[in-house]
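Please look over the sequence and the structure shown below before reading on. The report that follows moves from one ring and its neighbour to strands, helices and aromatic pairs.

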Amino acid sequence: MNESPEIYTIAKECTGQYKERGSRFLAFGYPVTNEDSVKQILKNLRKEYHDARHHCYAYRLGTVNISFRSNDDGEPSGTGGKPILGQLISKNLSNVLLVVVRYFGGKLLGTSGLINAYRSATADCLSNAEIYILKEMVHAEIRFTYEQMNGIIRILNEVSAIIESQTFSESCQLMVSIDKKKYQSVYQRLTSLKDVTVTTL
């Protein structure tokens, strides 16, 4: 049985650009782990580049069942988000958001011109990225009492777990992602604590 191909991600933000007939295409790549992060980044970019004509983007999330989305943001269907997504897929990247901001230069580029421009801006951005293999992560829900908070956070920090969301009311709840290779030992350590339940998602 063939092993699944390795999935990659980017270590930190990266940028790129492409110019065509007066139009400028500014590309921004971000490491992300959930849709909330995607929404916040898009909101920030729209605020910072509020005078741009389009903010096309695509993202992929996960390592096993990869979810993805692309958006043309007013460009002709399939000319913005799709070529961006195509670059992420061709490089087998996940947990990545890539946004291309367009400043219109006054001349229409046509369907093929737009596709090439968005693809080229994305490729330039990814050529500047620090790319590494994305570990396969296990998602889990941890429920516990306030008294256990410090001990649990310490255990999670030791394995560089990603806290995706947290709820603190009468009891505490964390949604986390943990390296699959480390998950079993973390699970045993957490469940050995009093009043702690761990549910693998």
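## A charge over a ring

In this structure, the charged end of Arg24 lies over the ring of Tyr103, at 4.8 Å from the centre of that ring. The model is a predicted one, and the descriptions below should be read with that in mind.

## A strand enclosed by its surroundings

Tyr103 belongs to strand S6, which covers residues 96-103 and is joined by 7 bridges to strand S4, the two running antiparallel. Within this pairing, Tyr59 of S4 has Leu97 of S6 as its bridge partner. On strand S5 (residues 67-71), which also runs antiparallel to S4, there are 5 bridges to S4, and here Tyr57 is partnered by Asn71.

How many of the residues of strand S4 are buried? In S4, residues 54-61, the count is 8 of the 8, so the strand is largely enclosed by the rest of the structure. Both of its faces are covered, since His54, Cys56, Ala58 and Arg60 are buried on one side, while His55, Tyr57, Tyr59 and Leu61 are buried on the other.

## A helix packed against strands and another helix

Helix H3, residues 110-127, has 18 residues and reaches 26 Å from its first C-alpha to its last, which is close to the 26 Å expected at 1.5 Å a residue. Its buried residues are Gly113, Leu114, Ala117, Tyr118, Ala121, Thr122, Cys125 and Leu126. These buried residues pack against several elements, among them S4, S6 and helix H2 (81-90); strands S2 (14-20), S3 (23-31) and S7 (131-133) are also packed against by the buried residues of H3.

## Aromatic pairs

The model holds 6 aromatic pairs, and the table sets out two of them.

| Pair | Centre to centre | Angle between planes | Kind |
|---|---|---|---|
| Tyr18 and Phe25 | 6.5 Å | 50° | tilted |
| Tyr183 and Tyr187 | 6.0 Å | 45° | tilted |

Phe25, with a relative accessible area of 0%, is buried. Ring pairs also link Tyr18, Phe25 and Tyr118 into a cluster, and Tyr118 is one of the buried residues of helix H3.

The other pair in the table lies within a single helix, because Tyr183 and Tyr187 are both in H5 (residues 180-191), 4 residues apart, about one turn of the helix. An α-helix has 3.6 residues a turn, so residues three or four places apart point the same way. Is each of these two rings' residues buried or partly exposed? Tyr183 counts as buried at 7% relative accessibility, whereas Tyr187, with a relative accessible area of 28%, is partly exposed.

Conventions: Residues numbered from 1 in each chain as written. Predicted model: local features only at pLDDT ≥ 70, side-chain atom pairs only at ≥ 80, totals over all residues. Heavy atoms only, no water. Buried < 20%, exposed > 50% of the residue type's maximum accessible area, 1.4 Å probe, protein only. Pairing = 2+ DSSP bridges. Expected span 1.5 Å × (residues − 1). Contact = heavy atoms within 4.5 Å. Phe/Tyr/Trp six-rings, centres within 6.5 Å; stacked < 30°, edge-to-face > 60°. Lys NZ or Arg CZ within 6 Å of the ring centre and 35° of its normal.
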